[in-house]
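Hi,

Here is the structure I said I'd pass on. Have a look at it first, and then read my notes below.

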Amino acid sequence: AIPTEPDDIAARISRQTLAKRGLDYAGEVRRLLDAGLEVMRRCGTTSRPRVADIVEAAGLSNDAFYRHFPS
């Protein structure tokens with residue numbers, strides 16, 4: 001069926017794109033959380049882990065961190 005409204009096409013394409021990225025994003029979040037725990041275990045609970053330490057341990061970028069944790 002051909003959508004009658006241009007917005008129908010845009011919505012369908014955006015849903016398909018999001019579905020593809022969803023699994024990748026879930027994997028990124030898992031890596032960041034695991035890395036955060038690793039850094040806290042290594043540095044102790046009295047220090048404040050830096051974002052740079054977490055993304056390095058996760059093998060990801062600052063952009064990936066802030067995509068999921070904006071503040």
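Let's start with the charged pairs: a search through the whole structure turns up 4 salt bridges. Keep in mind that this is a predicted model. If you're new to salt bridges, the idea is that side chains of opposite charge can pair when their charged atoms come close.

The one I'd look at first joins glutamate 28 and arginine 67, whose closest N and O atoms are 3.2 Å apart. Glutamate 28 sits in helix α1 (residues 6–43) and arginine 67 in helix α3, so this pair ties together parts that are 39 residues apart in sequence. How exposed or buried are the two partners? Glutamate 28 counts as buried because its relative accessibility is 16%, under the 20% cut-off. Arginine 67 has 40% relative accessibility, so it counts as partly exposed.

Now stay with glutamate 28 for a moment. Which other side chain makes a polar contact with the side chain of glutamate 28? That of histidine 68 does, at 2.7 Å. Histidine 68 belongs to helix α3 (residues 62–68), and with a relative accessible area of 19% it is buried too. Leaving out residues up to four places away in sequence, histidine 68 touches Tyr25, Glu28, Val29 and Leu32.

Two more salt bridges are found within helix α1. In one of them, the side chains of arginine 30 and aspartate 34 meet at 3.0 Å, N to O. These residues are 4 apart, about one turn of the helix. Both are partly exposed: arginine 30 has a relative accessible area of 45%, and aspartate 34 comes in at 39%.

The other pairs glutamate 38 with arginine 42, with 3.3 Å between the closest N and O atoms. Again the spacing is 4 residues, so about one helical turn separates them. Glutamate 38 is partly exposed at 39%, while arginine 42 counts as exposed at 54%. Why does that spacing suit a pair? An α-helix has 3.6 residues a turn, so residues three or four places apart point the same way.

Last stop: helix α2 (residues 51–58). Its buried residues are Ile54, Val55 and Ala58. Looking down the axis of α2, you'd see these buried residues fall within an arc of 90 degrees, so they line one face of the helix. After α2 comes glycine 59, which has a positive phi, near 75 degrees.

Happy browsing!

Technical notes:
Residues are numbered from 1 along each chain as its sequence is written. This is a predicted model: local features need pLDDT of at least 70, side-chain atom pairs count only at pLDDT 80 or more; totals for chains, interfaces and linings use all residues. Side-chain values use heavy atoms; hydrogens and water are left out. Buried means under 20% relative accessible area, exposed over 50%, partly exposed in between (1.4 Å probe, protein chains only). The arc is that of the directions from the helix axis to the C-beta atoms. A polar contact is a pair of N or O atoms within 3.5 Å; within protein, one must be able to donate a hydrogen and the other to accept it, and residues adjacent in sequence count only if both atoms are side-chain atoms. Contact means heavy atoms within 4.5 Å.
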